[in-house]
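Thank you for passing this one along for comment. Below are my notes, set out as numbered points that can be read alongside the coordinates.

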Amino acid sequence: MPVLGLGTWKSKPGEVYDAIIEALKIGYRHIDCAKIYGNEAEIGAAFTAAFEQGIVQRSDLWVTSKLWCNAHEETAVIPALQQTLKDLCLDYLDLYLVHWPVAFTAPLAPKTAEEYISLDELPIIETWKGMEAALNAGLTRTIGVSNFSVLKLRDLVSKAKVKPAINQVELHPYLQQNNLLDYCNTEAITLTAYSPLGTSAAAQKVEGAVLTTLRDNPVLTSIATKHACTTAQVLIQWAIARGTTVIPKSVNPERLKQNFDSINVVLDTEDMMAIAQLDAHFRFVDGTFWTMEGSPYTLANLWDE
Ligand code: A2P
């Protein structure tokens, strides 16, 4: 799995096609997709064009997608993956992830609490059996999960026939997830960092204090100045230096190139120690959207903390 990939969450139809073609020309060989992003058909059209034009061969590309929460029944997994493959114009994925440890019946997101299905009613291991079946059918080369805590990973590892290869979670200097990283290292599970640039979110209020955006954080900007690079490049290289894989999103050609060039930035021990101090246990994607009144999901049982 190439350590640096392109995220496509919030890459809108109408702009994602050009972004994929540009990224592949720059040298990206890892594209992170998901059914719920609503742009897989356009990404598929870009893959088809890129293969036809000889920009890249399928065998040189790593493509990830994710199972949406409305297809957690064991028998629903393969049909959901087949639809994603059809949209992406591919005959196999490199990685398929369970997008959230959350299940429901609504096609996008529940509007009422009754649409949720608790993990007691539909345990993750049932979904995982469907993932293993998809792997055995050759529809994906590897399987994994996303937004999983140590507790949920441990439980899955103890029950699964095939161990999850990857856990994709929000990861950046304000949410360093050291315990999760340690656990994944001991189990040889790769941790992938989503929202590594802090998404497009503005400055946040945390316990009354203002948390600047990551890109405006003075520690990070001074490290960027020291290495004559950008703060985004510091953030991406920080993720790589910690041994995680990282999927910054961009649809802008210059920023795509800049982000790709982060692989050449070298951070020293002093930089890593200074960044370690920035952990604020702060989530931009905090999961409150799954916790409406009456939902079986709470922030406590979602993140297990
Ligand atoms: P854009 O797509 O217009 O480049 P994350 O990966 O954490 O979700 O962050 C994505 C956000 O960061 C998007 O708003 C994206 O906008 C922006 N972005 C991506 N790369 C850079 C960069 N090198 N410098 C500044 N902003 C960036």
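**Notes on the predicted model**

1. S195 is a buried residue, since its relative accessible area is 9% and the limit for counting as buried is under 20%. Please keep in mind throughout that the model under discussion is a predicted one. As for its place in the chain, S195 sits in the loop that runs between β9 (190-194) and β10 (204-206). If the neighbours within four places in sequence are left aside, the residues in contact with S195 are W9, E170, L171, H172 and V285.

2. The strand that precedes this loop deserves a comment of its own, because β9 is mostly covered, with 4 of its 5 residues buried. On the pairing side, β9 is joined to strand β8 (residues 166-170) over 5 bridges, and the two strands run in the parallel sense. Within that pairing, the residue of β9 that stands opposite I166 is T190.

3. Which strand order does the sheet have? The sheet is open and made of 8 strands, and the order reads β1-β2-β3-β4-β7-β8-β9-β12, with parallel pairing. At its edges stand β1 (6-7) and β12 (245-246), and as each of them has a single partner strand, one side of each is left without a neighbour in the sheet. In general, strands of a sheet pair through backbone hydrogen bonds, in either a parallel or an antiparallel manner.

4. A further pairing in this sheet is that of strand β4 (residues 93-98) with strand β7 (residues 140-146), which are parallel and are joined by 5 bridges. One of the residues that can be followed across it is L93, whose bridge partner in β7 is T140. After β7, in the loop between that strand and α5 (150-159), comes N147, which has a positive phi of about 65° although it is not a glycine. N147 is also buried, given a relative accessible area of 2%.

5. A second residue with a positive phi is D304, where the angle is near 55° and the residue is again other than glycine. D304 belongs to the segment after α11 (299-303), and at 30% relative accessibility this residue counts as partly exposed. I would look at the backbone of both N147 and D304 when the geometry is reviewed.

6. How many residues surround the ligand? There are 16 of them, and the closest are K249, S250, R255, Q258 and N259. Two of the polar contacts involve the backbone of the protein: a polar backbone atom of T199 is 2.9 Å from an oxygen atom of the ligand, and a backbone N or O atom of V251 lies 2.9 Å from an oxygen atom of the ligand. A side chain takes part as well, for a polar side-chain atom of Q258 is found 2.7 Å from a nitrogen atom of the ligand. Taken alone, the ligand exposes 570 Å², of which the protein buries 84%.

7. Q258 also links the ligand surroundings to Q233, as the backbone oxygen of Q258 lies 2.9 Å from a polar atom of the side chain of Q233. Q233 is part of helix α8 (residues 231-241), and with a relative accessible area of 9% this residue is buried. Not counting residues up to four places away in sequence, Q233 touches Q258, D261, S262 and V265.

8. Is N136 buried or exposed? At 65% relative accessibility, N136 counts as exposed, and its place is in helix α4 (residues 124-136). N136 and C89 are separated by 47 residues in sequence and by 20 Å in space, taken from C-alpha to C-alpha.

9. Turning to the chain as a whole, there are 11 helices and 12 strands. For 305 residues, a compact globule would have a radius of gyration near 19 Å, and the chain agrees with this, since its own value is 19 Å. Along the principal axes, the C-alpha atoms fill a box of roughly 55 × 50 × 35 Å. Of the 305 residues, 53% count as buried, and the chain exposes about 13300 Å², with carbon and sulfur atoms supplying 53% of that area. Among the contacts with a separation of 6 or more, 74% come from residues 24 or more positions apart.

Notes:
Residues are numbered from 1 along each chain as its sequence is written. This is a predicted model: local features need pLDDT of at least 70, side-chain atom pairs count only at pLDDT 80 or more; totals for chains, interfaces and linings use all residues. Side-chain values use heavy atoms; hydrogens and water are left out. Two strands pair if DSSP finds at least two bridges between them. Buried means under 20% relative accessible area, exposed over 50%, partly exposed in between (1.4 Å probe, protein chains only). A polar contact is a pair of N or O atoms within 3.5 Å; within protein, one must be able to donate a hydrogen and the other to accept it, and residues adjacent in sequence count only if both atoms are side-chain atoms. Contact means heavy atoms within 4.5 Å. A residue is near a molecule or strand if one of its heavy atoms lies within 4 Å of it. Accessible areas come from the Shrake-Rupley method with a 1.4 Å probe; for residues, only the protein chains shown count as cover. The radius of gyration is taken over C-alpha atoms; the globule rule is 2.2 Å times the number of residues to the power 0.38.
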